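The exercises below ask you to read a protein model step by step. Keep the structure in view while you work, and try each task before you turn to its solution.

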Amino acid sequence: MLTRVKGWLTDRRVPLLVALLAILLLLPTLGAGAFMDDHVHRMAYHPTFTQPGGPRGDWDLFRFLGDDPGALKSLRDQGLWPWWTVDGFKLALFRPLDSLWHALDYCVWPNAHWFMHAESILVFAATAFFAALLYRRLLGATVAAGIAALIFAVDDAHSTDIGWVANRHAVLSTLFGVLALVAHDRARRDGWKPGVFLAPLALLGAVFSGESGLSALAYLFAYALFLDRAPLRSRAVALLPHVGVALVWFAAYKLGRYGAAGGAFYIDPLRQTGAFIRAVGVRLPVLLAGQMAAPPADVWILWPPNETRSLVSICLLVLLVVGGGIFAVLRRDRNAAFFALGMVLSLLPACAVWPSDRLLLFAGIDGAEGRTLVVVSAPDSMIVNTVMAARVNENAPLPSALRVLSTAVGGTLKVGRADDRTLSVTLSDGFFRDPMATVFRDMQKAPLRVGDRVPVGAMVAEIVSVTEDGKLPSRVDFHFDRSLDDPSIVWVVWEKTRFVPFVAPKVGETRDLVVVSYQTAVGG
């Protein structure tokens, strides 16, 4: 039996077999449908939709907001972005190749989500194929190479990238990155002259597919350090075309005014270098532990924000235990050293976003056509605007305005009515505890203090009190321009796994509402 398994793992057909296995395992994602940003991307091509700030090129679907205060105000007033979105907020991601592919999908077959998922599956299968080929080139036709190829193909950490159409950029950039490594290895090891040109060209495809393509540079550097046996000068010269590609990407990134600002979820390493370095110290151990053993990196988004240090400590302990056994191998095996250094350095770009390894039910919205829809509490800052985008795509009726008052995932939630036009929301744990709230505002850099008033359309949010540590609002009064009982306002609140209708309390009345944990809200 062991001999047969060994024969399979060392067979020259392993790259093809693991690619076919990846396709087989991922077939269930064909029915996954649209998810979060998928609705937003499709909405960009809906004939009734007008993009705030004006139209964008097909290569620019991931420019959610550039340096445009007018567009920000429009998004906030409409309620597509929450009231706490900070002035100066920006989220513009440079992914032109992936964006062009999405544009083709939504222009030619906008309703065929199964086909879009099939495209992603095929991209990942190709990635698995060439990754297996790379393992065999570096490790030989060995059991180790076969196991590495198999693990890559079946790793559950890849499932989100493949099952979420908008996240195809991660798979596409990885494919190009692996192709760059294969071509570079052939050029350096076998003297394959086309590889001198094809490797930088593939790297260009990687970085123009998504920012994760920069990770390929880490492996190219590690290759030059550990696997390339040529003189140092020759190795440095071989890397120059790749450095040139990085400079081209940097120039396009800066000239196109890409980047992120205002939130804590995304960090722009080029504009927020200090914050990025600090984030690396916290996020890198979580990513490494998730890659090498446990816990999975996805646990970050569910971990209490004020207890991040405990999670990092656990991950550091895991790395210490696992790393102790690995270190001895690294000292004597150049291949192992290459993969280890490449893995660590390749995770640095990923530290710019929170570590991480939902179709939505919205029963209460159907009566809100042409009226103001007020969401008293939701478990996630992104759920409501995702639903709005989905309804645009379905030509369904829409509210005239949308107001998400709070996101509650823990502690207690009290809702009261101070007067005829004012709703008071009190969260014992504080506002903005849900993982996605920090996309729109970094509360450490742009805190909301007692007395602050945030006007949003015909509503004003007033900060009445903050948590004991002074970091987050704990009570916010929402002043409307009409009675809360006005029939032009439709109220909903999150209950278990969906939104349900809500009746505004009477003047002087206070109600305790059930807080639904984030895990229950998104996992059922």
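**Exercise 1. In what order do the four strands of the open sheet with mixed pairing stand?**

Solution. Keep in mind from the start that this is a predicted model.

Step 1. Reading across the sheet, the four strands come in the order β5-β4-β11-β12, and the sheet is open with mixed pairing.

Step 2. The edges are taken by β5 (401-404) and β12, and because each has a single partner strand, one side of each is left without a neighbour in the sheet. Direction ignored, neighbouring strands are turned by 25 degrees against each other on average.

Step 3. To see where the mixed character comes from, look at the pairs in turn. Strand β4 (residues 372-375) pairs with β5 in the parallel sense over four bridges, and within this pair Val374 has Arg403 of β5 as its bridge partner. Strand β11 (residues 489-495), by contrast, pairs with strand β12 (residues 498-501) in the antiparallel sense, also over four bridges, and here Val492 is matched with Pro501 of β12.

Step 4. The turn between β11 and β12 completes a hairpin with two residues between the strands, where Lys496 has a positive phi of about 60 degrees.

Step 5. Finally, add the helix: α16 (residues 383-393) lies across β4, β5, β11 and β12, and runs at about 160 degrees to β5.

**Exercise 2. Describe the sheet of six strands, beginning with the strand order and ending with the hairpins.**

Solution.

Step 1. The order is β8-β9-β10-β7-β6-β13, in an open sheet whose pairing is antiparallel. The edge strands, each pairing on one side only, are β8 (453-456) and β13 (510-513), and the twist averages 20 degrees from one strand to the next.

Step 2. Start at the β8 edge. Four bridges pair β8 with strand β9 (residues 459-466) in the antiparallel sense, and Arg453 finds its bridge partner in Glu462 of β9. Two residues lie between the strands of this hairpin, in which Gly457 takes a positive phi near 60 degrees.

Step 3. Move on to the next pair, where β9 and strand β10 (residues 473-480) run antiparallel and are joined by seven bridges. Ser465 is partnered there by Arg475 of β10, while the hairpin has six residues between its strands and a positive phi near 75 degrees at Gly470.

Step 4. Further along, strand β6 (residues 413-419) and strand β7 (residues 422-427) pair in the antiparallel sense over six bridges, with Ser424 of β7 as the bridge partner of Gly416.

**Exercise 3. Is Arg417 buried or exposed, and which side chain does it join in a polar contact?**

Solution.

Step 1. Locate the residue: Arg417 lies in strand β6.

Step 2. Compare its accessibility with the cut-off. A residue counts as buried under 20% relative accessible area, so Arg417, at 5%, is buried.

Step 3. Look at the surroundings. The side chains of Arg417 and Asp420 are joined by a polar contact of 2.9 Å. Beyond the neighbours within four places in sequence, Arg417 is in contact with residues including Thr422, Ser483, Asp485, Lys506 and Glu509.

**Exercise 4. Which residues do His41 and His102 touch beyond four places in sequence?**

Solution.

Step 1. His41 belongs to helix α3 (residues 37-43), and His102 to helix α5 (residues 96-108).

Step 2. His41 is buried, with a relative accessible area of 1%, and His102 is buried as well, with 0%.

Step 3. His41 touches Leu61, Phe62, Phe64, Tyr106 and Ala166. His102 touches Leu61, Phe62, Val165, Ala166 and Arg168, so Leu61, Phe62 and Ala166 appear in both lists.

**Exercise 5. Where does pLDDT stay under 50, and how should that part be read?**

Solution.

Step 1. The mean pLDDT of the chain is 85, and 91% of its residues reach 70 or more.

Step 2. Over residues 357-365, however, pLDDT stays under 50, although the model has 35 contacts for this stretch beyond four places in sequence.

Step 3. Where pLDDT is low, the predicted coordinates should not be read in detail.

Conventions. Residues numbered from 1 in each chain as written. Predicted model: local features only at pLDDT ≥ 70, side-chain atom pairs only at ≥ 80, totals over all residues. Heavy atoms only, no water. Pairing = 2+ DSSP bridges. Axes fitted to C-alpha atoms, helices over the stretch in contact; angles between N-to-C directions. pLDDT = per-residue confidence, 0-100. Contact = heavy atoms within 4.5 Å. Buried < 20%, exposed > 50% of the residue type's maximum accessible area, 1.4 Å probe, protein only. Polar contact = N/O pair within 3.5 Å; in protein donor to acceptor, adjacent residues only side chain to side chain.
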